[in-house]
Amino acid sequence: MTTVSTARDRRITRALRIIAALTVIAMIATIAGLGLVWVRVHNTANPAGSPQSATTTSHLDTLRRSAAPQPDITPAAKAKRTVAAMSMEERVGQLVMAPLNAGTDPSSLASTIRDRHVGSVLIIGNWNNGVASVRQATDALQSYAPANIKLLMTTDQEGGLVQHLQGAGFSTMPSAVEQGRMSTDQLRQSAAVWGNQLAQAGINVDLAPVVGTVTVPRASNAPIGALNRDFGLDAAGNAAHASAFVLGMRDSGVATSIKHYPSLGSVTGNTDFTADGILDTTTVLDGDVVNAFGTVIADTQPAMVMMSLATYQAIDASAPAAFSPTIIDGYLRARQGYQGVVTSDSLSAAALGGISPDQLGVRLVEAGGDLACIGAADYVTPILDGLNAKATTDAAFAAKVTRSAERVLTLKYQMGLAH
């Protein structure tokens, strides 16, 4: 009995040992197999020294690089960075358009541009000596500006009785009423020719066309109808021809300012010369007259919109359009979607004679406007001083100055005047 049990125990022990050994061997084989599989997979995916290995590394590098944010290089973003680096006086200077009258030496504006940082010049008066003469003046003026931020060089070149630049190299432009008799294709082609002449003279912005619609007897409408400055059509026709004019100028590299928002076609007085007869009692928001401007804005995105100096009883009886936040911020920008440069008609005009000159630019910017157009040289310093004084003492106003400067600089980047 004992002998049998001992033999059986030995067999069981040997079997257990064999099972244990096989288990160990199986485990070792499994581990080794997994190792071989890993090596094969790794080598297949990334064989040493293979081009695929280099490609994978390259892809990883690309992912690492693309993870870094890229700088925004849109004109608006570049303008924002440029303005952020400016002093407040430099920002204020970008909001002023100083005049150079025919016969005045450009050097008269050297200090205004260099020391007061004025960023735009209006070429006005009877310049009758042709393209070469104007170009000599505009080149001199641009030489006073910083190399990286050149001047907006503007003029009033509408045609007919309003053509400030004449002589050799400038066509005699027909009046706007005559332009209204052209097809829109013809007008665009003609405007491109006129624009090329302006560009040759160093002008980069034409303060035209008039988009207003005359709604009273033409002879009684002193600023527009009596001078044939409108296209002589209904609101839709005026909008179509204004768009053609804007696009033709743009074809030649010249920007434009549509005017006089929201229309000067329903008053009797000329705001340049009088404060009488400049209350518009009929123009309303959402009407055909104002919507004509909206059509041109939507179709062409003009560089500027010029504000009228008349007062609009049915819209905002408290202030001229150029000083009305209801009209500029509330309607032109918020409702019609215009985010470009808003300029004024000449702030030295008789219509504003009752307002202190140092408050003219302030009121424009407070209302949402950007660029103070000035027709009389002696208004430039008071307007600059008033803007700077207000910006120094009023943080909210300083923020408006900054935003306006950004809009002006955005335009300059779009036009290639800033870099």
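Which hand does the crossing of α12 and α13 have? The crossing is right-handed, and it makes a good way into this predicted model. From there, the briefing moves along to the next helix, then to the sheets, an aromatic pair and a few backbone details.

**Helix α12 against helix α13**

- Helix α12 covers residues 357–366, and its axis lies 6 Å from that of α13, at an angle of about 55 degrees.
- An angle from 35 to 65 degrees falls outside the parallel and perpendicular ranges, and α12 and α13 are therefore oblique to each other.
- On the α12 side, the residues that meet α13 are Pro-357, Asp-358, Leu-360, Gly-361, Val-362, Val-365 and Glu-366.
- Their counterparts in α13 are Pro-382, Ile-383, Gly-386, Leu-387 and Lys-390.
- Sorted by class, this contact has 7 nonpolar, 2 polar and 3 charged residues.

**Helix α13 against helix α14**

- Helix α13 (residues 380–393) also packs with helix α14 (residues 395–415): the axes come within 5 Å and cross at roughly 125 degrees.
- These two helices are therefore oblique to each other.
- Here α13 passes α14 in a left-handed crossing, whereas the crossing of α12 and α13 is right-handed.
- From α13, Leu-387, Lys-390, Ala-391 and Thr-393 take part, meeting Ala-395, Phe-397, Ala-398 and Val-401 of α14.
- The classes in this contact are 6 nonpolar, 1 polar and 1 charged residues.
- Leu-387 and Lys-390 of α13 meet residues of α14, and Leu-387 and Lys-390 also appear in the contact with α12.

**The sheet of 8 strands**

- This open sheet follows the order β12-β9-β7-β6-β3-β2-β1-β13, and its pairing is parallel.
- Strands β12 (341–344) and β13 (372–373) stand at the edges with a single partner strand each, so one side of each has no neighbour in the sheet.
- Within the sheet, β2 (residues 120–124) runs parallel to β3 (residues 152–155), and 4 bridges join them.
- As an example of the register, Val-121 has Met-153 in β3 as its bridge partner.

**The sheet of 3 strands**

- A further open sheet has the order β8-β10-β11, this time with mixed pairing.
- Its edges are β8 (279–280) and β11 (316–320); each has a single partner strand, so one side of each is left without a neighbour in the sheet.
- The parallel pairing of β8 with β10 (residues 311–312) rests on 2 bridges.
- Across that pairing, Asp-280 stands opposite Tyr-312 in β10.

**Aromatic pairs**

- The model has 2 aromatic pairs, one of them formed by Trp-194 and Phe-245.
- The rings of Trp-194 and Phe-245 are tilted, with 45 degrees between the planes and 6.3 Å from centre to centre.
- This pair links distant parts of the chain, 51 residues apart: Trp-194 belongs to helix α8 (residues 184–200) and Phe-245 to helix α9 (residues 235–251).

**Backbone details in the loops**

- A cis peptide bond leads from Ala-208 to Pro-209, with omega near 10 degrees.
- Pro-209 sits in the loop between β6 (205–206) and α9.
- Another cis peptide bond runs from Tyr-261 to Pro-262, with omega near 5 degrees.
- Pro-262 is in the loop between β7 (255–261) and β8.
- Ser-263 lies in the loop between β7 and β8 as well, and its phi is near 130 degrees, a positive value in a residue other than glycine.

Notes: Residues numbered from 1 in each chain as written. Predicted model: local features only at pLDDT ≥ 70, side-chain atom pairs only at ≥ 80, totals over all residues. Heavy atoms only, no water. Axes fitted to C-alpha atoms, helices over the stretch in contact; angles between N-to-C directions. Parallel < 35°, antiparallel > 145°, perpendicular 65-115°, else oblique. Left-handed = near helix turned anticlockwise from the far one by under 90°. Contact = heavy atoms within 4.5 Å. Nonpolar A, V, L, I, M, F, W, Y, C, P; charged D, E, K, R; others polar. Pairing = 2+ DSSP bridges. Phe/Tyr/Trp six-rings, centres within 6.5 Å; stacked < 30°, edge-to-face > 60°.
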